[in-house]
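Here are a few short exercises to work through at your own pace. Have the viewer open, try each task, then check the solution below it.

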Amino acid sequence: MSQYLVRRANVLVLVVPLIFLGLIGAVSWERLNASRDAREWSQHSYAVLTTMKDLAIALRDAERGQRGYVLTGKDEYLAPYREGRDRIGVLQGELQKLTADNLAQQERLRALAPVVQHKLEELAQTVQARRDGGFEAALRIVNTDEGRNHMREAEAVLAAMLADEQRLLDDRLAQNDARAAWVRWLVLAGSVLAVLTLLWAARLLNRAWSRSYQTEAEQRDLALRLRTTLDSLSQGVGVFGPDRKLASWNECFQVLLDLPKAMLRPSTNYGAFVEHTAEPGRPALETEDQIRHGSRNPREAVTYERERADGHHLEIRRTPMPDGGFVLTVSDMTKRAQAEGVLREAQKMQAIGQLTGGIAHDFNNLLQVILGNLEFVRAKLDGDAKLQTRIERAAWAAQRGATLTGQLLAFARKQPLAPAAVDLAATMPDLVPLLRRTLGEHIEVRYVETAGLWPAMADPAQLESAVLNLALNARDAMPGGGRLTIELGNKVLDEEYARHHAEVVPGDYAMVAVSDTGHGMTPEVVKRVFEPFFTTKRDGKGTGLGLAMVFGFVKQSGGHVKIYSEPGEGTTVKLYLPRAVGVAVAAQRTGAPVALPRGSATVLVVEDEAAVREIACAILADLGYLVLEAADGEEALRVFGANAASVDLLLTDVILPGNVRGRELSERVRAIRPEVKVLFMSGYTENSIVHHGRLDDGVQLIGKPFKREQLARKVAEVLGTGALGAPEAGNVVELRPNRDT
């Protein structure tokens, strides 16, 4: 724009407002002085009015005191009279001074003075007459009405003075308001003119500089949008120009590539970044030669992956730009890698679950027949020690097979758990003596706990079995002796920890840590240590299912397993079990084993495998029970219908052929007779009685294969006739040493 417009704008902005301000200031000063004088005169009028009113009040007080004394003759009634009389003279003097500038008021004061004097004399005569001649003498003076006439005359003069002074006050207030209004309008008008002038000047300036401001604003807006876009990305972005120098970047670019801040400045050469990231443990970038010759199509984006020393997986993408530069995009793919690992683990679990689920039921039925018959025969043989030994060996082998099947189910998270609030401080110390006897004298067992331990939500028997498995693995890692430490504590796994472990839910956990001073493991072995059938032991020395069972049990319980190991330093396995909140702590199992309970109740046994059904019925009959049997659900309903009044317990397999499964059979039986007890048996459970790996509330289960003692105690427990202190059976896994992994 021309300099003429700028000059006009400067004149309007500076000169015109100064002129307006000078005029407004001068007039405002004059009006403010006048307003101050008017305010002083108004205050003077208020003082005159107040004094007049006080004079009228003093006259009335004097008259009131005189009347009170005349009526009563008591001197205390003269107090208002005396005070009023003394004040009248003073007030008259004040009025004389205050109205010195008002001739009319001075005239009225001169007329008022004798009237007031006569009134005071009349009051004094009346008081003296009452004192000397009594009430009648004073009454005669009052009845002359002289005092009343003087009072009326004085009030009339005071009223005239008040009216005149009030008029003067109103006039002065009106003048003051008029001056103030004039000043306000003057200031308002001047302000409006000044604002209009400034607006006009601003318009001229905007016209003069609009083009340059518009260009600058566009550049700023473009830069701001680019910066905001870059900073809002969860990916690292670095923009390099045709000269291979850094032009733009965001914060994630620095964080993901672990770059020093000093390096992140405009014009930093790409080669400096290549050299920095080439150091060990850093995600290496493409070299300049690779950028120049590595791609057949120079316009094609190049993507490659790198891993940082801290385990973060990065995906780096180089996208060429038309001007010859390129954009580096760095994405943190750690969560995706973790999610893929969790998915692979879930697929592995599903495959193993399908495998174990398919064979566990039939395999456990076979083991049940073998184990049941062996125990039944052993109970009948007496005196033949060699034959007893062979039967015990066969029973041990069958029980070993059942343990392996249970471990497979544990890893696949298919075992039925009965979680309860476990007081670790009460249960773990009882396990230490067993560990000392089991591990041997060359292993020193230490136990450490902290105060205020939280209860853990887990299956108590499975927890003990997991700790024993870890202890046995630790023993095998210390063939020449060492130290085993069991540590209990409270741990909070926060959001930050959960971000690095995709399967972890943030929250409170009770921790059980088992540490050894053995030979330790390499990182490659640690990655595979929980896989089923993976073992570092010699052939025939382990099944590779011990740690797999521990892993499956903790995961099924909603917990987390973390293993730390260094070759030559030892290994620590930490089990994080969910904290039990609002649940009563389960009572400890106490007491020594007692004699097998017997009974005379009627038990209906439902099992599709004839051999399993036969041995179960034989065991129960040998214990004194009256046994009825059925091969499937339909037959069981017919048998129950014929003996409904006598059946006390329904012992049924979960998986039955036909349309009536074990759960449905129990519901239909209890619908007819609710007092009938139900005990399920199964080598592999389906979702009819187990949901999310846990037994439904109120469900009783005994896992196959079971021993004669287990069946005896479980039946007595369900019927309510079991001996106090008998250990639990059924779905509780026995505490057995295992050499697995």
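**Exercise 1.** Does F326 count as buried or exposed?

*Solution.* Keep in mind that this is a predicted model. Start with the cut-off: buried means under 20% relative accessible area. F326 has 2% relative accessibility, so F326 counts as buried.

**Exercise 2.** Work out how Y270 and F326 are arranged, and which parts of the chain they tie together.

*Solution.* A pair of aromatic rings is described by the distance of the centres and the angle of the planes. For Y270 and F326, the centres are 5.3 Å apart and the planes make an angle of 90°. Planes over 60 degrees apart count as edge-to-face, and that is the label for this pair. Next, find the elements: Y270 sits in helix α7 and F326 in strand β5 (residues 326-332), so the pair ties together parts 56 residues apart in sequence. Finally, Y270 is buried, as its relative accessible area is 0%.

**Exercise 3.** Describe the pair F253 and F273, then place both residues in their wider aromatic group.

*Solution.* The structure holds five aromatic pairs. One of them joins F253 and F273 edge-to-face, at 6.1 Å centre to centre with 70° between the planes. F253 belongs to helix α6 (residues 251-257) and F273 to helix α7 (residues 270-277), 20 residues apart. Both F253 and F273 are buried. The wider group is one aromatic cluster formed by F240, F253, Y270, F273 and F326.

**Exercise 4.** Which of the two labels, buried or partly exposed, fits C252, and which fits C617?

*Solution.* C252 has 24% relative accessibility, so C252 counts as partly exposed. C617 has a relative accessible area of 8% and is therefore buried.

Notes: Residues are numbered from 1 along each chain as its sequence is written. This is a predicted model: local features need pLDDT of at least 70, side-chain atom pairs count only at pLDDT 80 or more; totals for chains, interfaces and linings use all residues. Side-chain values use heavy atoms; hydrogens and water are left out. Buried means under 20% relative accessible area, exposed over 50%, partly exposed in between (1.4 Å probe, protein chains only). Rings of Phe, Tyr and Trp (its six-membered ring) pair if their centres lie within 6.5 Å; planes under 30 degrees apart count as stacked, over 60 as edge-to-face and the rest as tilted. Helices (H or I, at least four residues) and strands (E, at least two) are DSSP runs, numbered from the N terminus.
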